[in-house]
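Please work through the exercises below with the sequence and the model at hand. Each task is followed by a solution in steps.

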Amino acid sequence: MGLVMDSVQALSFAEWNPAVTPAQATDFTQILEAGRVLYLPQLTFELDSGERQFLSPQWLEGSSKSLYLKGHDRALRGTAAQGRDRANMQSMIERFGLRATRLVNSLFPIYSAQLQLGNTSFRPCEAAGRKQSWRHDDTRLHTDAFPSQPLQGKRILRVFTNVNPQGKARLWRIGEPFPAMAEKFLPLVRRPLPGKHAVLTALGVTKSPRTEYDHIMLRFHDLQKADLGYQKSVPQEWFAFPPGATWVCFSDQVMHAVMEGQHLFEQTFYLPVERQQQPEASPLRILEKMTGRRLAALVAD
Ligand SMILES: [Fe+2]
């Protein structure tokens, strides 16, 4: 009782390229790297009247949960829309990606030269009550890790904006700090089998070789989600991000669960650990300290 987690830090900026002093930038970067969420309640992403029609899951194709631009070729996926609709969707999502890029360049200028652009997505479906396997159930607390995309130690930095037109907040649970989570789950992670990464790469399951770091982070994601007792008992905070608000965090570090909400824009960036202000605050360095060995080298065959 009396637990104060203080997972979220509010900033009053209302522009995507705010004027930030060097001292403020150092501060914001420190807060982010400590595993907190930077929350900008006044930072809105405006849609024009023609774009509001896209606030509907009807545009999604098949089982896709989002309309998105891939990091590398920026081609629109996740929808069967054609012609003018498709072009307008593409430009709306591109515009969000540009805004989000400006924001991170302003708040964390130390990263700018080294940030790699990942997917830009728009998620028009309701997050609550979706039928899915426990592994894909994002209403369970987790740290992000991507099975098909080994990061080899790179960070996952994400910018989110709620654009819900009915006043509905995006409701998150935020879990305990990364080091406390890692203390619990690291003893349950077995070392990867020699040669496994070469097999996965050859089979096309992964796009680049997995490191031991990737292996541990994937196991963490699954162990956290599979443990319902932990989901309930872990220190956690609920936070509602209202429409018209933006927030930023390292989603590979902040334990998060999305309990409800609809209509969200999201931009992913990747950042090499050594470009952080304090690389020792990263999951990679924390895990290396705990295991006493280097984890971002390719898993040996
Ligand atoms: Fe996530």
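The exercises concern a metal site, a sheet, pockets and a cavity.

The model is predicted: local features need pLDDT of at least 70, side-chain atom pairs count only at pLDDT 80 or more, and totals for chains, interfaces and linings use all residues. Residues are numbered from 1 along each chain as its sequence is written, and side-chain values use heavy atoms, with hydrogens and water left out.

**Exercise 1. The metal site**

Task: Identify which residues coordinate the iron ion, and state whether Asp144 is buried or exposed.

Solution.
- Step 1. Take as donors the N, O and S atoms within 2.8 Å of the metal (3.2 Å for Na, K and Ca); water is not among the atoms, so sites may look incomplete.
- Step 2. His142 (NE2), Asp144 (OD) and His256 (NE2) coordinate the iron ion at 2.2 Å.
- Step 3. Along the sequence, these donor residues follow the spacing H-x1-D-x111-H. Distant parts of the chain are thereby linked: Asp144 lies in the loop between strand 5 (116–123) and strand 6 (155–162), and His256 in strand 10 (residues 256–260), 112 residues apart. Helices (H or I, at least four residues) and strands (E, at least two) are DSSP runs, numbered from the N terminus.
- Step 4. Apply the accessibility classes: buried is under 20% relative accessible area, exposed over 50%, and partly exposed in between (1.4 Å probe, protein chains only). Asp144 is buried because its relative accessibility is 7%. His256, with 5%, is also buried.

**Exercise 2. The sheet that contains strand 10**

Task: Determine the order of the strands in the open sheet and which of them stand at the edges.

Solution.
- Step 1. Count two strands as paired if DSSP finds at least two bridges between them.
- Step 2. The open sheet has 3 strands in the order 8-7-10, with antiparallel pairing.
- Step 3. Strand 8 (237–241) and strand 10 each have a single partner strand, so they stand at the edges and one side of each is left without a neighbour in the sheet.
- Step 4. Strand 7 (residues 170–174) is joined to strand 10 by 4 bridges. Within strand 10, Ala257 stands opposite Arg173.

**Exercise 3. Pockets and the largest cavity**

Task: State what volume the largest pocket has, and which residues lie nearest the centre of the largest cavity.

Solution.
- Step 1. Use a 1 Å grid over the protein atoms alone: a cavity is a set of points where a 1.4 Å probe fits but cannot get out, a pocket is an open set with protein on both sides within 12 Å along at least five of seven lines, and lining residues have an atom within 4 Å of a point. Grid points are joined across faces, edges and corners, and a volume is the space filled by probe spheres set on the points.
- Step 2. The volume of the largest pocket is about 1500 Å³. Its lining has 47 residues, and Lys65, Ala145, Phe146, Pro147 and Arg158 are the closest to its centre.
- Step 3. Among the elements that each supply at least two residues of this lining are strand 10 and helix 5 (212–226).
- Step 4. The second largest pocket holds about 200 Å³ of space.
- Step 5. The largest cavity has about 100 Å³ of space. Of its 15 lining residues, Ala145, Phe146, Leu151, Asp214 and Met217 lie nearest its centre. Helix 5 contributes the most to this lining, with 4 residues.
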